[in-house]
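Subject: Structure handover

Dear colleague,

I am passing on the structure below, together with some notes on what turned up when I went through it. Please read them with the coordinates open beside you.

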Amino acid sequence: MVRDITVSYGSIRALDGVSVELESGKITSIVGPNGAGKTTLLKCINGIVRPSAGVVFLDGMDIRKIKQIKLARRMGHVPQLPPLHLPLTVFETVALGRRPYVSWVLSKKDIRTVEEAMKAVGIEHLSDRYFDELSGGERQKVLIAMALAQEPEVLLLDEPTSNLDIRHQLEILNLIRRLAREKNLTVVMAIHDLNLASRFSDIMIMLKDGRIFAIGSPREVLTPENIREVYGVEVTILTNPHLLVVPIGVVP
Amino acid sequence: MSKRRVFVLMLLVLALPLIVFISMSVGVLPVSPLGLILASLSPNHEVNPVAWAVIWYLRLPRALMAVMAGAVLAIAGVVLQGSLRNPLVSPFTLGVSSGASFGAALAIVLGVGIVGMGAYLIMANAFVFALLATFITLGIARLRGMTAESVILAGIAVMYMFSAGVTLLQYVAREWELTELVYWLMGDLSKASWHRLRYTVLAVIVCIPLFKFAWDLNVLMMGDDAAKSLGTDPSMTRVACACLSALAVSIVVCMTGPIGFIGLMAPHLARLVVGSDHRFLMPTSALIGALLLSTADLVARTIMMPLELPVGVVTAFFGVPLFVHLLLRTRREIWR
């Protein structure tokens, strides 16, 4: 699905020859240190960033050949940083996800889709509240609901659990897993927390300096050697009952 | 929410003919509303030829001009604030007013211009330079990828450039030219006529396609990247909104001179009553802009009767308290 992607910002190579196959119904997580290219990879898949080389395919079709508005009906993107100020109600915000479908009026079907999306993430009771008044966890849910209202096949999430407490982290990731299974979504998420990533992903991609350093199941990717090489951190890996990465110290 | 919005819109629509009606009856020559109706019903000059002439040739075109110019300035304000994601943007941020002022100054002081003579030379010049300023702004902004910040900064730079030009022309102007220029720069509606109203209608027509961007402006609130992933092209939206609104505002400003604050105020007032969904915000802003300018013009005409104040002065007096109020509140509340 992603083939030989290279992205350069000036002289800096953000991504360098990345190729991945993504599967529907599965959660693929992208891990790696800050600046490794996680966000850029997500933006490439979504067509927000145009790679200087390489192609992204969706069902065998080059996404450059798909109009942005058509693509928006098939891929939802939950950004890393929600806007600081959004003077809209929760309903209005989720309804933005219908933008690829509507020209002026929200039809009955659009409204039903928005309501279902809110129900799917459990925020229907917040419908008339203002986005600005919500907590971080609630905002994250609103943004996921917005992406769901796009009725996508592919759901891209950039750090969906950053700035959330552990309860909300688990809630959001359980929700994402349920959506992936129920709606057979292809989920790709960039995530920093290796332990959460290992719990909730089927496939893990470890990026280093814009290249894929390791790819496979969390147990295959999260080894002390890989983590030392990529993060420069000495860790112990516990595997019972869940895989747990315990940081020991920074490699000098 | 939705019902309230419709109610607000209806209320504003009803208020509009009322203010036009009042504008027509108040003035140096008071006309009773009944006499007014009779006068407008009978075009044969039997009722009272003077009253009829005053209403038909002076007050009605002027009242309609205020309505349309106010609506155009407000719509331009709302789409520019939306597409540039900045609550302090006004239709003049792109350099329209300073460009127009410079064009007018050229015609008034040096007598040079593109086409026409006299009042039309000033108008044509103001129009051409207003558009020129916009294109320079967008041209500079394009070099920085047409981001919201680049458009605003380029606009401010262009504004200073043309303002300096105006100052220079004021410096070299002779006394009577200076008087005319200063008067032009204040902005007023006294030159309204049926003939000029035609151009104003054109400006309103130019604004109509802007409504097509309501959803694009809504998703732009989420930021450029999110807008893209929802199928909106941010720079295309910005360019289209900037060009159309600059064209419409240029048409208005070349006839009225720069009338400030309507384009800044009306969108904020509209946000307070109907929220930020541009599908409702745009028509509401237009109506509020129309009402504001009509009211301001009514005040300008009558407050020191028989002397007339330039309407630009009155809108600024309305505007400054609101502007201070905006600055004193947190940003979050401004956008509410």
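A residue is called buried here if 20 or more other C-beta atoms lie within 10 Å of its own, exposed if 12 or fewer do, and partly exposed in between. Please also keep in mind throughout that this is a predicted model.

With that cut-off in hand, I begin with a turn in chain A. Asp209(A) has 15 C-beta neighbours inside 10 Å and therefore counts as partly exposed. Asp209(A) lies in the loop between strand 9 and strand 10 of chain A, and its phi is near 50 degrees, a positive value in a residue other than glycine. Most residues other than glycine have a negative phi. The two strands on either side, strand 9 (residues 203–208) and strand 10 (residues 211–216) of chain A, run antiparallel and are joined by five bridges, and together they form a hairpin with two residues between them. Within this pairing, Ile205(A) stands opposite Ile215(A) of strand 10.

A second positive phi in chain A belongs to Asn184(A), where the value is near 55 degrees, again in a residue other than glycine. Asn184(A) is found in the loop that leads from helix 6 (166–182) to strand 8 (186–190) of chain A, and because it has 11 C-beta neighbours inside 10 Å, it counts as exposed.

Turning to chain A as a whole, its secondary structure comes to nine helices and 12 strands. Its C-alpha atoms fill a box of roughly 60 × 40 × 30 Å when taken along the principal axes, and its radius of gyration is 18 Å, which agrees with the value near 18 Å for a compact globule of 252 residues. Of these 252 residues, 44% count as buried, and among the contacts between residues at least 6 apart in sequence, 62% join residues at least 24 apart.

In chain B, I would draw your attention to helix 4 (residues 96–110), which has 15 residues and reaches 21 Å from its first C-alpha to its last, close to the 21 Å expected at 1.5 Å a residue. Because 14 of its 15 residues are buried, helix 4 of chain B is largely enclosed by the rest of the structure. The helix is followed by Gly111(B), whose phi is positive, near 70 degrees.

As for the nonpolar interior, the largest nonpolar core has 174 residues, and those with the most contacts inside it are Val94(A), Ala145(A), Val72(B) and Ile75(B). Helix 3 (residues 49–83) of chain B gives the most to this core, with 17 residues. Leaving aside neighbours within four places in sequence, Val72(B) is in contact with Ala203(B), Val204(B), Cys207(B), Ala248(B), Val249(B) and Val252(B).

Finally, the contact between the chains takes 22 residues from chain B and 21 residues from chain A. On the side of chain B that touches chain A, the elements giving two or more residues are helix 9 (214–220), helix 10 (224–229) and helix 15 (331–334) of chain B, and the largest share, four residues, comes from helix 10. By class, this side of chain B has eight nonpolar, six polar and eight charged residues.

With best wishes

Note on methods
Residues numbered from 1 in each chain as written. Chains lettered and ligands numbered in written order. Predicted model: local features only at pLDDT ≥ 70, side-chain atom pairs only at ≥ 80, totals over all residues. Expected span 1.5 Å × (residues − 1). Rg over C-alpha atoms; globule rule 2.2 N^0.38 Å. Contact = placed C-beta atoms within 7 Å. Nonpolar A, V, L, I, M, F, W, Y, C, P; charged D, E, K, R; others polar. Pairing = 2+ DSSP bridges. Core = buried A, V, L, I, M, F, W, Y, C linked by C-beta atoms within 7 Å.
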